[in-house]
Amino acid sequence: MPSRISDFQISESENTPGLYSLISINGFLPAVKPLKRLPDTYYQQWERILDDLPALLREKTIRHEVNKLEVLTTARLNTEREWQRAYMVLCFLAHGYIWGGHTPSEILPPAITVPFLQASDHLGLPPIATFAALNLFNFTSAGEDFTNLDDLKALHTFSGTEDESWFFAMSVVIEARGASIIPTMLQAIDAIKNHDYETVTRALDDMATCISQLTPLLDRMSEKCDPMVFYHQFRPYLAGTKNMAAAGLPNGVFYDEGNGVGEWRHLRGGSNGQSSLIQFYDLVLGVDHASANKHGTRKGSSAPAKTAPGELSFYEEVSLVRLYMPGPHQEFLRRVSQMDKIKDFVHSAPASPAQQRLRQSYQDATKALGDFRQAHMQMVTRYVIVPSRKPAPSLSSEVNLATASLQSDKSAAKDLTGTGGTDLIPFLRAARDDTYGAGLAVASQDVSAIKR
Ligand code: HEM
């Protein structure tokens with residue numbers, strides 16, 4: 001399987017005018033490495049703070065430094081890469097400012113908010129640390145191929161640790177490796193209208209192989225990322241401003257734009273749940289996370305959809321997660337969601353050996369994605385649940401503002417929340433079960449066909 005999307009693969013797909021312009025040869029990652037610095041020295045004042053960020057956070061002097069910044073114009077940003085870099089720099093500065101004190105800051109100053117809101121607007125992203133800022137726009141690599149984890153590292157971190165760099169790099173390598181299957185699956189969708197079983201079956205087999213090669217990568221997280229460093233030293237800085245009352249942000253954060261203008265904003269924090277790749281996989285396989293919402297409780301699960309009055313449930317939130325992706329990626333997923341459905345094709349196929357093979361391949365692909373989610377859940381246990389039960393090392397007790405709020409009841413793992421603001425264990429379990437469930441629904445159809 002190629003590691004990048006090649007011209008050859010793209011030219012083969014017909015049903016997709018303009019679709020590939022919304023992504024790159026690396027899928028949802030940029031086509032080339034993100035900029036290491038904004039080329040215009042006008043932006044030096046931002047870059048200098050970012051250079052010193054871990055030390056400024058340790059010494060709790062970040063706010064002092066940011067308060068000295070002028071409100072810079074974004075008019076001197078010339079290319080998409082520059083806009084992406086500006087957005088990423090401002091995300092780090094904003095989260096450092098909010099969480100880098102003895103108590104969180106309820107106000108973001110105009111020197112951050114004014115350019116941050118403009119950069120967010122330009123990229124179709126919210127003004128908060130997103131997966132795009134932390135991962136897609138924040139890495140460097142030994143070469144132009146981003147599929148080797150050992151060649152990747154983050155450009156910037158909050159903690160200055162290799163652990164944090166490795167954590168961000170892991171998401172990059174998964175995006176890079178997982179992207180190769182995108183054209184194959186788009187061609188499979190094309191093939192549905194011709195009832196081309198062979199193409200769809202082969203694509204599903206390739207997808208199962210591709211995903212099953214991503215899963216062992218998750219095991220490599222522990223090579224360089226210590227769960228205690230993750231949980232105490234940098235996860236708190238990824239937290240958003242939504243559901244953060246316990247951490248001292250009952251109203252979210254006020255984005256002060258100067259001259260009496262501004263707005264309170266409640267936004268979710270950075271999470272790998274904002275990966276467009278995994279949402280693409282769900283879409284092409286027809287994994288429906290909304291089904292459970294109708295009943296409030298997942299079918300076959302005892303986990304209730306815990307929702308405060310007026311709040312959205314986990315399953316409704318899944319569709320909102322797209323708003324945390326870059327505009328073109330949102331559009332890409334929207335267009336894919338309108339295409340023919342592989343799942344419908346699998347379910348409607350008449351009984352024949354070709355259909356049997358198709359169904360088996362569909363089950364294998366959904367199982368591979370379910371297994372990925374299962375491995376991910378185990379990682380969440382190692383990196384969130386276990387450290388949450390251990391006492392915080394004294395070194396980190398000061399920075400742990402947001403962790404307090406990410407955990408509404410220290411004694412109950414089920415009540416832990418993710419940086420994205422979800423109640424994490426029921427959410428992840430439901431996401432996994434929905435995935436396995438899509439394949440099992442086909443298997444049960446086969447059984448009932450045999451019984452008939
Ligand atoms: C130490 C490593 C990781 C931890 C502790 C972790 C933790 C979490 C948590 C707590 C959530 C709950 C939702 C939220 O808070 O937004 C989540 C969701 C998610 N994470 Fe991770 N994550 C890790 C690595 C990864 C990696 C490398 C990927 C690769 C793409 C990933 C993909 C996802 C996805 C797709 C979701 C949404 C739920 C789903 O679709 O199954 N995570 N993660």
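The axes of α13 and α17 come within 11 Å and cross at roughly 150°. That angle is over 145 degrees, so α13 runs roughly antiparallel to α17. This is a predicted model. Helix α17 also holds His376, the single protein donor to the iron atom of the ligand. Two cavities of 30 Å³ or more turn up in a search of the whole structure.

**Iron site**

- The iron atom of the ligand takes one donor from the protein, and that donor is His376.
- The donor atom is NE2 of His376, 2.0 Å away from the iron.
- His376 sits in helix α17, which covers residues 353-389.

**Helix packing**

- α13 passes α17 in a left-handed crossing.
- Helix α9 spans residues 182-192, and its axis comes within 11 Å of the axis of α13.
- α9 and α13 cross at roughly 25°. The angle is under 35 degrees, so these two helices are roughly parallel to each other.
- The crossing of α9 and α13 is left-handed.
- α9 also packs with α10, at an angle of about 155° and with the axes 8 Å apart.
- An angle over 145 degrees counts as roughly antiparallel, and α9 and α10 are therefore roughly antiparallel to each other.
- The crossing of α9 with α10 is left-handed as well.

**Largest cavity**

- The largest cavity holds about 60 Å³ of space.
- Its lining includes Leu283, Val284, Val336, Ser337, Ile342 and Lys343.
- Three elements give two or more residues to this lining: α13 (276-285), α15 (327-337) and α16 (342-348).
- Ile189, Gly286, Met339, Asp340 and Lys341 also line the largest cavity.
- By class, the lining has six nonpolar, two polar and three charged residues.
- Asp340, Lys341 and Lys343 are in the lining, and Asp and Lys count as charged.

**Second largest cavity**

- About 40 Å³ of space lies in the second largest cavity.
- Pro30, Val32, Lys33, Pro34 and Leu35 are among the residues that line the second largest cavity.
- Arg81, Gln84 and Arg85 are also part of that lining.
- The lining of the second largest cavity divides into four nonpolar, one polar and three charged residues.

**Backbone points to check by eye**

- Most residues other than glycine have a negative phi.
- Lys60 is not a glycine, yet its phi is positive, at about 60°.
- Lys60 lies in the loop between α3 (53-59) and α4 (62-67).
- His195 also has a positive phi, near 50°, and is a residue other than glycine.
- His195 is placed in the loop between α9 and α10 (197-219). The two helices joined by that loop are the roughly antiparallel pair α9 and α10.

Technical notes
Residues numbered from 1 in each chain as written. Predicted model: local features only at pLDDT ≥ 70, side-chain atom pairs only at ≥ 80, totals over all residues. Heavy atoms only, no water. Donors = N, O, S within 2.8 Å, 3.2 Å for Na, K, Ca; no water. Helix = DSSP H or I, 4+ residues; strand = E, 2+ residues; numbered from the N terminus. 1 Å grid on protein atoms, 1.4 Å probe; cavity = no way out; pocket = protein on both sides within 12 Å on 5 of 7 lines; lining within 4 Å. Points joined across faces, edges and corners; volume = space filled by probe spheres on them. Axes fitted to C-alpha atoms, helices over the stretch in contact; angles between N-to-C directions. Parallel < 35°, antiparallel > 145°, perpendicular 65-115°, else oblique. Left-handed = near helix turned anticlockwise from the far one by under 90°.
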